[in-house]
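Please describe how the chains of this model meet, and how the strands and helices inside them are arranged. A short report in running text will do, with one small table.

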Amino acid sequence: MVSTFVEKLKAYSKPGYYDEFEYHWTMTIDLDRCTGCEACVVACQAENNLPIVGEKRYARNREIKWIRIERYWEGDYPDVKMGFIPILCQHCDDAPCETVCPVFATYHNRDGLNTQVYNRCIGTRSCAIYCPYEVRYFNWFTYTWDEPLEQQLNPDVSVREKGVMEKCTFCIQRIRIAKDNAKDDDKRRVRDGEVVPACVQSCPTEAMVFGDSNDPEAEVSKKMKNERGYKVLEELNTTPSVVYLKKAHA
Amino acid sequence: MSKISRRDLLQYIGAGGIGAVGGVLYGESIERPVELLVPQVVPPEDFSPGIATWYNTVCNQCSAGCGISVRIREGKAKKIEGNPVHPVSQGRLCARGQSGLNALYNPDRIRAPLTNAGQRGTGSFHPIDWDEALTTIGSRISRLKIEDDASRVRLLTGRVRGHLDELFAQFMDLLGSQHYQQYDFTNPSALLAANRISFGTEQLPYYDIKNADLLLSFGADYLGTWISPVHHGLAYGHMRQGRAARRGKTVQVEPRMSLSGAAADEWIAARPGTEGLLALGLAHVLVSDGHYSGSDRAEWSNALQAHSPSVVSAATDVPEDKILQLAREFASSKASLAIAGGATTAGTNAVASAVAVNALNQLAGNLGQPGGIIFNADQAFSTSPDAKPVGMQGILDLVAAMESGEVDVLLLHDSNPVFSLPDGVGFREAIDKVPLVVALSSFRDETTELADFVLPTNIYLESWGDDVPDPGVGFPVASISQPVVAKLYDTLSAGDIILSLARQIGGELPIQMSWGSMEEFVRERWRAEFDKRESDAAEQDFEEFWQAAIAAGVWGQPGATAGDQLVPSAASTIAAISDPVSEFAGSESEYPFVLHPFLTATFLDGRGANLPWLQELPDPMTSVVYGSWVELNPATADELGIEEGDVLEVVSTAGSVRVPALIFPAIRPGVVAMPVGQGHEAYGRYATDRGVNPIHIVAAQMDAEAGDLAWAATRVKIRNTGERMQVVKIGGVSRTLGRQILGPADGHA
Amino acid sequence: MSISVLDALRPAKKPVLLGLVAVLGLLVGVWVHGKYFSDRSPVQPIEFSHTVHATDNEIPCQHCHIYAATTPVAGVPSVSKCIGCHRSLPDTRETPEILKLNAYWENREPIPWIKVHDVADFVHFTHKRHIKADVECRECHGPVETMDRVTRVATMKMPWCVECHTEREVEHGRDCWTCHK
Amino acid sequence: MFDHGQPSYADVNKDVLSTMLETGPRYWILLGTTMSIAVICFFMPWLYQLFVGIGAAGMNRNAVWGTYISNFIFWIGLSHSGTLLSAVLHITNSHWRKSIYRSAEAMTLFSLMTAALFIMVHVGRVWFVHWTFPIPNPMGLWPNFRSPLMFDVMAITTYLTASSIFIYMGSVPDFAAVRDASTGLRRRLYTIFSFGWRGTAREWHTLGWAYTFFAVFVIPLAVSVHSIVSWDFALSIVPGLHHTIFAPYFVCGAIYSGTAGIVTVMYCLRKFLGFEKYIGQVHLDNLGKLLIALSLIWSYINILELFSTWYGGTSFELEALKFRLTGFYAPLYWEMITFCAFVPLLIFFKKIRWSWNKMLVVSILINIGMLTERFIIVATSLPRKFLPDAFGFYLPSWVEISITIGSFAIFATLFLIFIKWVPAVSLYEVKETLKPLRRNT
């Protein structure tokens, strides 16, 4: 009785309920390679059925971009520098958004992914409040596609209705397919490089690397060890799954 | 509780029953509606429902010629990615390329042949069927042909490569008209001209950024818009972090920071139009400091003596020691590379500047070196038959011809001079003098709107064709483009239209151009190439080769190198060195600012403006979406008391536009920059009436040598209209406020 | 204490109780619907009988639903598939239903079958997985081989899915993203 | 304690019951107006929002919470001190409470309901809001008990239940009185309401016991409720919200605004129902003193918050503070400080404290201040969190403003209905306060 209670308590103390993950999907983004070209942004829009919100709604900050490039100027003319940094869901292992959702619409799955279940979401938007990275996007309206643009919609990803929260999934549909193939291949594990999210795939400078950091041989695990590596807002202890590599100097 | 009477009992049962029925009805009401389950009549071989297939073809969003793979589910294109085996894109793709799907499924595509109801330019068209359109046009042309007046037929296309180009050429040739010309705003005319001068070959060499240690870019936004951005991106990534303990350095010279400028380690805002001069200054140092020790050193120093650092520094407003330091780095670094593009090659001194940069490369011995300039092997197959007029000079001649009534039939394909040339050129007016204007186009852009007949073309994702990337990649390569989806509407590929026109015209055309379709034509040509290479090959060998090529989307000979690298003597360059300073239209006193129109990575010269994904894509440097803006240096803005969103009237000698201001930290004072691409009057719901087109206020000047528009050689004045307009952008505060977002401060890393 | 709620309620007892009973009935109704009224058996464009095909002629399911084992979708047989067999069956060639079939084939028209089993668009369901897990077709589709007209036997709604996943202790069978997309 | 001479038991019944049994046109007009305002300003815009999507409101990517949440907190706040006050005063058996607590508790009830409405308006898919309750379901889905919002649901429902029972229990004898004074259908209804109350000593004893029990039970509950509401913010890591002080801050603020609210309601009761006899100077005086105390505590906590933020000196917190004090919404902030910290100091003067009109003004100003306080918390912190490039801005849309106005109408409507169904002043407790009977001539 007491022991089970203690167990439950332990479970609760871990946002994801998992002490270790089957796979631990992780991404590294090398800011020294990133040129801010935004190929990833469009790739994501194409892959994940992001709506075309239109100018009026943009003007009121109602855009939906699961991955966005943030821009930071340093210094002033003539010694002015621009720093680009792609910001997407960091899939924190201690994600504030997960604890606050009253209906478990967002939870940590066994792959260390911070997932969002659109069907379960009731739209309290508290997750967006609690998320320090502001990567959660809300469907303020029902979005439509001018015929025949809707023919492009990706059948592996559902189109979200108004009133639900959505965000980067690390292209979970691609992970799902990779796992499916691996399972058919007498239940082997997914190999490194088999899963490539749309943004990583498109990146012309190969700034992004994605993989399972549980696998020490995976490229991503090696990149994470780079001395330029850091995590954005690390001081908040949300233990993000996205590692950035700082821009190097000449 | 008292016992229940029968009457009560019945009532209870009644109530329960009603409830139950209600419940069942409710359950029924939440049933999903019935859908149909429609089988195929005959399933295709490779069909497996719910599983995606990938088809390879060639991207057509710009002239880089990236290979792409398109993801198909149940016959619909779902996503475009780079073709992993294609040497140009190597599996990667830029935002523009990926937005190709928006072109394919664009709601504003032309869905059937159109003819204008009565007068031209009103934009009132009504659909007709192909036969009618083709016969009308065909008969008109054939009459001219019979009257031996075929030279009154003109063909103006965009940048067309591969065998479609040959088809066009052959068509005009057989017709007996020498007037097949191309126009593309992004055509690197100045570079080609300069290379003709310096290297005696009018081709774009391969710029080996990948292996460079120091990349010195004069105005070339090689990561955003210049020549082959995706390939350069790959190269850049490798150059930065791909090599162990060897991080390449990049320096960018430009008046307004571009994507490449943001990526650069050093960003130098030289006085606009003097970048070439800076190059010469560097060259001077290379020679005078003895970094260069060629036999022709004397000639060099002689040619460069006028360009001592002090002089150049004064002219370019770049500190002298900076010039010295750069020059030394450039000379000392193992693999250095200088490139020119953008505004540097868009002044009245375009070619001179490009030559200056060539000189720099020659002095540093970068020719034919890894990490330098590598001349291409002979292309996979020569598809461009003969040099045809490309660029503004050609348009001017065409306009003159049209004005003087020498043109009876004007065939337009995939080119929009009305939008991408200054009004001063007078294309719009001249076209009125042409009795019959036929446009082969997928969208109703400004130029297409002026046509009598609009023949809708397939999107490249629906057409057969091929392409030879230019510049090449060091070895012979050719890409095949195949239809990846069944065509959506009653359209034809440009090639097929030409072929059926040929049939209509009759004479020897149908005999000479006997191919049933573009597909057949491309196949024929490839067989010819195949036979040329393996003369003793049997039919089914080719079949295999062909199938393999289609599957891969590309064919190449990685083994075959450029052969003997030509290292031209510097003499011609030395001879060509002049004083490259651009002349600007408008006096500095009256027009205090230099107008710096820049191509955006999203719209390029405006061809991307009808794609919603690109309209919604924040501009990389400013995060602005939809619409255009004019950039000012913060200091300038303070002086004039201008804030973001103030609508400014930007006036040049050629005209004026009204556009909201945006304060941009990385632009030279005395320069105002405007993005090119918006401000369409036609071109579909996403592009029309959005922002302004700076090219309209550019003075119609040219670089004589290159014969192309000097779009960066105009001065403007600005007036605050007092109106305000929101500049729609997603960025909030673009300073880190001391937060370690871009990484821990140094020493903590 | 002597405050008797029941006494106090006496005047209102009847209506209140009736109301309660009605509500109870409602719940029962919903449950009954889910359990017993979940069938759906639309009249199909061709009166196709699984009994004839599967029982009398003992054709295995996947002979016609060829994609079931390999793809997410089981797939209805293409018209060519039907015609393929029926061409070689002279005795059936004249029946009215076969004539309909021939008509479709000659006009190269697909047969507009009406969907009987349908899962919501936001559900990621794959036949392959379930067949690989040795789930019998009948476990979800019922004894189709005995149906002259196909009738749905299960709601195909989440409670139904979850029930089975729980029973069989499917690995991650109750993780939202196993079935939702 | 009665300004106008002591009334007799009969008077009490007459005065109070008359407000229920005799309804003049003025009442109907009043009710009609409030109702129509509620429909036009609250429910119609809400309907519009349901069709269009939450985008009808001014919220955006950077500020996903807005006026709805701030109003929710405001109304929860108002709900305090109703029941809480009444309970506290009951166990400290201070007599002056007796004639005001009924309406005070009613206030609690109705502001809670209004608050609950705001949750409905706020969420994106209100038609699924029942998922926040642990209802057994065949899909085996449960709410997330780690979520502060979940605590909220629990706390508020409990509080609502408790206070409704509390108020109902207190009214049972009065229902009986109404029953005896009325005939026909009304009589039958009140027979049910009053649980057949007969007024035996035993019943009185039971009632007293139960009532005290609930009084004790409600006090910690009330405190917990607003602490939990504050946790919606405080448990986040948003700069400007992540403060340990938040729970007491909110509780104090809640009671503060609640007490001010009571003053307003008292005023109305006197004005419109002629309860001058029962609600007198003494009540005003005591409430006034209470207000002073609360305002001082409130100001103290504010200063604490500012100080600790400034002293902590992290970039995030300082930025948030700077924006709050000097940013776009600074005027609102300083308005709040004036109304909630300085204006109440006037109550020190007897002149103010003893004048109903002046006190009305003060109490309303205080609640305006509290309303803005809630708004500022939401509007200045949420759009400016950690990543400057994602900084945004929040401006309420007409929908939000109109719904805010409408919510007051809803509250008023509920209250107007209430005074026709329940004696707005507790008959029997007032009688208790009367001096031993003299037959009056």
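Strand β1 of chain B, residues 36–37, pairs with β1(C) in the antiparallel sense. Two bridges join these strands. Within this pairing, B:Leu36 stands opposite C:Ile114 of β1(C). The model is a predicted one.

The strand pair crosses between two chains that touch. In that contact, 37 residues of chain C meet 30 residues of chain B. Three elements of chain C each supply at least two residues to the side that touches chain B: α1 (5–36), α4 (79–87) and β1 (113–114). Helix α1(C) gives the most, with 14 residues. By class, this side of chain C holds 24 nonpolar, nine polar and four charged residues.

Chain C itself has nine helices and one strand. From the N terminus on, its elements run α-α-α-α-α-β-α-α-α-α. Chain C has 181 residues, of which 15% count as buried. Among the contacts in chain C with a separation of 6 or more, 67% come from residues 24 or more positions apart.

Chain B also touches chain A. Here the contact takes 57 residues from chain B and 58 residues from chain A. On the chain B side, the elements that give two or more residues are β4 (76–82), α2 (95–98), α7 (229–242), α8 (259–263) and α22 (612–615). Helix α7(B) provides the largest share, seven residues. The residues on this side of chain B divide into 32 nonpolar, 13 polar and twelve charged.

The table sets out the class make-up of three contact surfaces.

| Surface | Nonpolar | Polar | Charged |
|---|---|---|---|
| Side of chain C that touches chain B | 24 residues | nine residues | four residues |
| Side of chain B that touches chain A | 32 residues | 13 residues | twelve residues |
| Contact of α19(B) with α20(B) | five residues | no residues | two residues |

The last row belongs to a helix pair within chain B. Helix α19 (residues 518–533) packs against helix α20 (residues 539–552) at an angle of about 115°. Their axes are 11 Å apart. The crossing of α19(B) and α20(B) is right-handed. From α19(B), the contact uses B:Arg523, B:Trp526, B:Arg527 and B:Phe530. From α20(B), the partners are B:Phe542, B:Phe545 and B:Trp546.

Chain B also holds an open sheet of four strands, in the order β12-β11-β10-β13. Its pairing is parallel. Which strands form the edges of this sheet? They are β12 (266–268) and β13 (336–340) of chain B, each pairing on one side only. From one strand to the next, the twist averages 15°.

Take the pair at the β13 end of that order. Strand β10(B), residues 214–218, and β13(B) pair in the parallel sense over five bridges. B:Phe218 stands opposite B:Ala340 in β13(B). A helix covers this pair: α13(B), residues 350–363, lies across β10 and β13 of chain B. Helix α13(B) runs at about 175° to β13(B).

Two strand pairings have thus been described. The one between β1(B) and β1(C) is antiparallel over two bridges. The one between β10(B) and β13(B) is parallel over five bridges. In general, strands of a sheet pair through backbone hydrogen bonds, in either a parallel or an antiparallel way.

Notes: Residues numbered from 1 in each chain as written. Chains lettered and ligands numbered in written order. Predicted model: local features only at pLDDT ≥ 70, side-chain atom pairs only at ≥ 80, totals over all residues. Contact = placed C-beta atoms within 7 Å. Nonpolar A, V, L, I, M, F, W, Y, C, P; charged D, E, K, R; others polar. Pairing = 2+ DSSP bridges. Axes fitted to C-alpha atoms, helices over the stretch in contact; angles between N-to-C directions. Left-handed = near helix turned anticlockwise from the far one by under 90°. Buried ≥ 20, exposed ≤ 12 C-beta atoms within 10 Å, placed from the backbone.
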